[in-house]
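Visitor: I am new to this structure and should be grateful for a close look at a single part of it. May I first have the sequence and the model before me?

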Amino acid sequence: MSARSPSPSSSATSDISGDGEWLDIENDEESITIVSLLDSQTFSGWAEMLEYCKQRYDFDLIATIKSLQLDFHGAVKLVNFIRSKVRDQQSLQGNLTLADFQDDGYFKPVLENDALIMSLDEILDSELVKAEAATSQLDNSREELLAQKQALEAELESVRSQFSNYRLAVQETLDRRWGDDTEPNPPKPAADGEDRGNYYFESYASNEIHETMLKDTVRTDAYRDFIYNNKHLIKGKVVLDIGCGTGILSMFCAKAGASRVIAVDKSDILKKAAENIFNNGLSDIITCVKGAIEDVKLPVDEVDIIVSEWMGYCLLYEAMLPSVLYARDRYLKPDGLLIPSSATLWIAPVQDTDYMSEHISYWRDVYGFDMKAMQEGIFDEIRVEALPKSSLCGEPYPFKTLDLHTIKPQDLSFTASYESRLLRPQDGLDGFLIWFDNFFATSRDEPMPEPDMTPDVWAKAKQGNVAFTTGPSGIVTHWKQGLLLVPPENPPSTSVTPEVISGQITFAALEENARALRVDVTCSARGQSAGGQEEKNWSWKLV
């Protein structure tokens, strides 16, 4: 798009009087035409054009110049950058930064004789700019006061919670001392080694674990993309972030337009989350609440959306999902949304000679010494590894889909069937690989993904959908996969490889540690050579 050069409304004329004297020459005042920044509309003055852009496109040039602290040269580059975007029919991103137009090539005018650029000196010296600066300063002061108020309220809530816990502990001590234990069902004493949750929450107080999760772009990008690409779902809503960690998901939601976000975490990381939120000017939207979601009192009775990154190794390790389900039943509106909305668990048989040689048989010859003692228990625990797709020797099978809007806590301990057609000849089964896919739906009325639906297919099925996999066919995530190694047969089997293996897989929490996981697998074979083979049973722990 190019601008026409402004032309005088009338040409200068001259004449000679009858007596030969020159008459006075009069020029009409030259008019200017200013082309809109964002379309081809023209105006006779810059103020009218800027107001048009604010009303029509919600774009404030003066506010942008002030927020970026631009001088005349910076303003010239900004104008040409915006005009180049309009010319190329490209949309402007939400928040412009200096990096967007740092190229000196933006000094070259996009429009010939651009009257807006010629008016920049006048614009920068105008009362509008001065008024905008004063308003901005007032807004900043107001935001600082609100942030301080919010921080004090959060600190007060924390003190109240600590006092409440202290009072309860004192009362319980006095009850035991004076024999006044009148609870109808007093809690059962914890067994030796039981995880009361303290270690779990303390482990999330360090920076390293959060750095690992934030740098997992598959994980973090999925949440960001769903929230930012579906701002219409977030705008004006009350959001609950369970296990908020550094506050990243809460800040995503605040930036997407949530009217209020309540960030809950029992770990001491919440202190840093509150600082992160304050430093990013979001304390007037995000309220931090310290404690387990089952124990705290939220400042609202219900929420529109629950967002949480609750997934552990093999999906259910760490047992954080029951807390999300508690919050769903206690606080989520009947038509409220869970982010993410569902997950699918997969299993596949594994045969990887290189892995077994490097990590298992390795101990039988370490610099010439047999260290088989180091193999003790090596087949009893789930290993967290990132294996290549080539390690799979059979077709993956989706053995469990969790609809987070409807699943009950008791359903998280389950037994499911699986079946896998073997893909290649192999000299015995090395084990099984378990992973999960996560799905983000834009509505709780949206049909659940089919059990064998891949994240790519789901994401393309509807605008706004997001999904990712932690399996060997995708980018490695910090969850990797769960590797369940089976002990080698002794003596080795002489049977020919079967065509299909099948059985059942059981997920359950350990009795001695509710956050740990036990996985049991049965396996039987069928095919041309599988007759007569007995069913095999294995069990693993992830602690």
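Visitor: Is helix α11 (residues 248–255) largely enclosed by the rest of the structure or largely open, and why?

Guide: The model shown here is a predicted one. Helix α11 is largely enclosed by the rest of the structure, because six of its eight residues are buried. The buried residues of α11 are Leu-249, Ser-250, Met-251, Phe-252, Cys-253 and Ala-254. After the helix comes Gly-257, whose phi is positive, near 110°.

The strands on either side of this helix in the chain complete the picture. Strand β3 (residues 238–242) runs parallel to β4, and five bridges join the two. Within this pairing, Asp-241 has Ala-263 of β4 as its bridge partner. From β3 the chain passes through α11 to reach β4, a β-α-β crossover that is right-handed.

Strand β4 (residues 260–265) is itself largely enclosed by the rest of the structure, since five of its six residues are buried. On the subject of strands, a general remark may help: in a regular strand, side chains alternate between the two faces of the sheet.

Strand β4 also pairs with strand β5 (residues 286–290), again in the parallel sense and over five bridges. Here Asp-265 stands opposite Lys-290 of β5. Helix α12 (residues 269–279) joins β4 and β5 in a further β-α-β unit, which is right-handed. Strand β4 thus takes part in two such arrangements: the crossover from β3 through α11, and the unit with α12 and β5.

For context, one may look beyond this part to the aromatic rings. The count of aromatic pairs comes to 20. One of them is formed by Phe-414 and Phe-507, which are stacked, with 5.3 Å from centre to centre and 15° between the planes. Since Phe-414 belongs to strand β11 (residues 414–421) and Phe-507 to strand β15 (residues 500–510), this pair ties together parts that are 93 residues apart in sequence. Both Phe-414 and Phe-507 are buried.

Another pair, Phe-440 and Phe-468, counts as tilted, because the planes meet at 40°, with the ring centres 6.2 Å apart. This pair links distant parts of the chain, Phe-440 lying in strand β12 (residues 431–440) and Phe-468 in strand β13 (residues 466–469), 28 residues apart. Phe-440 and Phe-468 are likewise buried. Ring pairs also place these two residues in a cluster with Tyr-223, Phe-226, Phe-436 and Trp-479.

Charged side chains offer a further view. The structure holds 16 salt bridges, among them one between Glu-211 and Lys-215, at 2.5 Å from N to O. Glu-211 counts as partly exposed because its relative accessible area is 41%, whereas Lys-215, at 59%, counts as exposed. Salt bridges with shared partners also join Asp-221, Arg-224 and Asp-225 into one network. Elsewhere, Asp-88 and Arg-87 form a salt bridge, with the closest N and O atoms 3.2 Å apart.

Finally, there is a nonpolar patch on the surface. Tyr-367, Phe-369, Met-371 and Met-374 make up this patch of about 520 Å². Met-374 is located in the loop between α14 (353–359) and β9 (383–385), and this residue counts as partly exposed at 48% relative accessibility. By contrast, helix α11, with which this look began, has six of its eight residues buried.

Technical notes:
Residues numbered from 1 in each chain as written. Predicted model: local features only at pLDDT ≥ 70, side-chain atom pairs only at ≥ 80, totals over all residues. Heavy atoms only, no water. Salt bridge = Lys/Arg side-chain N within 4 Å of Asp/Glu carboxyl O. Buried < 20%, exposed > 50% of the residue type's maximum accessible area, 1.4 Å probe, protein only. Helix = DSSP H or I, 4+ residues; strand = E, 2+ residues; numbered from the N terminus. Patch = residues over 30% accessible without salt bridge, like charges linked within 9 Å, V, L, I, M, F, W, Y side chains within 5 Å. Areas by Shrake-Rupley, 256 points an atom, 1.4 Å probe, with all protein chains shown as cover. Pairing = 2+ DSSP bridges. Right-handed = clockwise from strand over helix to strand, strands pointing away. Phe/Tyr/Trp six-rings, centres within 6.5 Å; stacked < 30°, edge-to-face > 60°.
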